[in-house]
Amino acid sequence: MDDTSGVGVLDKAASVLGALEAGPATLAQLVTSTGLARPTAHRLAVALEHHRMVARDMQGRFVLGPRLNELATAAGEDRLLAAANPVLIALRDHTGESAQLYRRQGDHRVCVAAAERPVGLRDSIPVGATLTMHAGSAAQILLAWEEPDRLHRGLREAVFTATILSGVRRRGWAQSVSERELGVASVSAPVRGPSGRVVAAVSVSGPVERLSRQPGRLHAGAVVAAANKLTEVLHRAGE
C-alpha cells in the first residue's frame, strides 16, 4: 500500500508544512526533519506545491506557499466584513460616491462589501461581483505590494504599468480613469492584516464628470482614512 494513503497522509503533510515553518528546505532536509521516506516526502511536497501550500525559492528549495497566507486572510474575513459596512457607509456619505471593499481571489478581485450612492448616476458594483485584476484602482492596490514574480505576472495583461504601481506604493493609494469601464473613475487604498500584508482594497467609484480626471485629489484622503480604520480592526483582532 502507498505510504501516503489513508488518514496518516494528513499527519505527514502537516509534518512537511511544520518543517518548512523553520525556513526553506531541500528534499534531503525535509527527509531529515520529518523522518519520512524520501519518495513520500517528495510526493507530499509536490502535491502541496500543486495546491500552492508549498512553493519553491530561487534555489529550488521548498518553502511555505502563498495559499497559506490566503487562507489565514480568509479566516479574518468575518471580522473584516463585520467592520466594513459602517466604514463604507461613512465613506459613501462623506464622498457622495459608491464605496466598495475588494479582496483578491486568484486572478480576480471580488466585491465583498459595498455601500451604494442612493440616487443619481453611480457606479454600481453588487456584492459578490467578480472583476478583473487587469484594470481599475482596486486591482492596482491588490497587485502593487505582491511578491515580485507574482507582480510581474499580473502586469502581463494589465492596462496599468510597473511605473504606475511604483507610484501607488509611494503614495499609498491608487486612482484610475476609464480603466475598467469607460467614463468611470475610482480611488482605492490598501487594508493590511496584522502581518502588514495587503488583504483588501477600499474604493470609491463614480462618473468621471463628478470625480474628475484626478479623482485622488478629491477623495484619496477619505479613502485612505477608511482603509486605515479597517486595518486597525484587523490589527486589534490579531493582538
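Which residues have the most contacts inside the largest nonpolar core? They are Leu101, Val191, Val202 and Leu230, in a core of 26 residues. Welcome to this structure, which is a predicted model. Across the protein, pLDDT averages 90, and 92% of the residues score at least 70. The points below start with the cores, then turn to one helix, two loop residues and the confidence of the model.

**Nonpolar cores**
- Six elements each give two or more residues to the largest core: the helices among them are H5 (77-95) and H10 (215-238).
- The strands that do so are S3 (98-105), S4 (108-115), S7 (184-192) and S8 (198-207).
- There is also a second, separate core, made of 21 residues, and Ile125, Ala129, Leu143 and Val168 are among them.

**A closer look at helix H8**
- Helix H8 spans residues 162-171, and its buried residues are Leu165, Gly167 and Val168.
- These three lie on the same side of H8, because the arc they cover around the axis is only 155 degrees.
- Thr163 and Arg170, on the other side of H8, are exposed.
- Val168 is worth finding in the view: it is buried in H8, and it also belongs to the second core.
- The cover over the buried residues of H8 includes helix H6 (137-144), helix H7 (148-155) and strand S6 (174-177).
- After H8 comes Gly172, with a positive phi near 90 degrees.

**Two non-glycine residues with positive phi**
- Arg52 is not a glycine, yet its phi is positive, at about 65 degrees.
- You will find Arg52 in the loop that runs between helix H3 (38-50) and strand S1 (54-56).
- Arg52 has a relative accessibility of 31%, so it counts as partly exposed.
- Ser212 is not a glycine either, and its phi is positive at about 75 degrees.
- The loop that holds Ser212 lies between helix H9 (208-211) and H10.
- With 28% relative accessibility, Ser212 therefore counts as partly exposed.

**Where to trust the model, and where to take care**
- Confidence is highest in H6, at a mean of 98, and H6 is one of the elements covering the buried residues of H8.
- Helix H4 (residues 66-75) has the lowest confidence, with a mean of 74.
- Over residues 1-5, pLDDT stays under 50.
- For residues 1-5, the model has 9 contacts beyond four places in sequence.

How values were computed: Residues are numbered from 1 along each chain as its sequence is written. This is a predicted model: local features need pLDDT of at least 70, side-chain atom pairs count only at pLDDT 80 or more; totals for chains, interfaces and linings use all residues. Side-chain values use heavy atoms; hydrogens and water are left out. Buried means under 20% relative accessible area, exposed over 50%, partly exposed in between (1.4 Å probe, protein chains only). Helices (H or I, at least four residues) and strands (E, at least two) are DSSP runs, numbered from the N terminus. The arc is that of the directions from the helix axis to the C-beta atoms. Contact means heavy atoms within 4.5 Å. A nonpolar core is a set of buried Ala, Val, Leu, Ile, Met, Phe, Trp, Tyr and Cys residues joined through side-chain atoms within 4.5 Å. pLDDT is the predictor's confidence in each residue, from 0 to 100.
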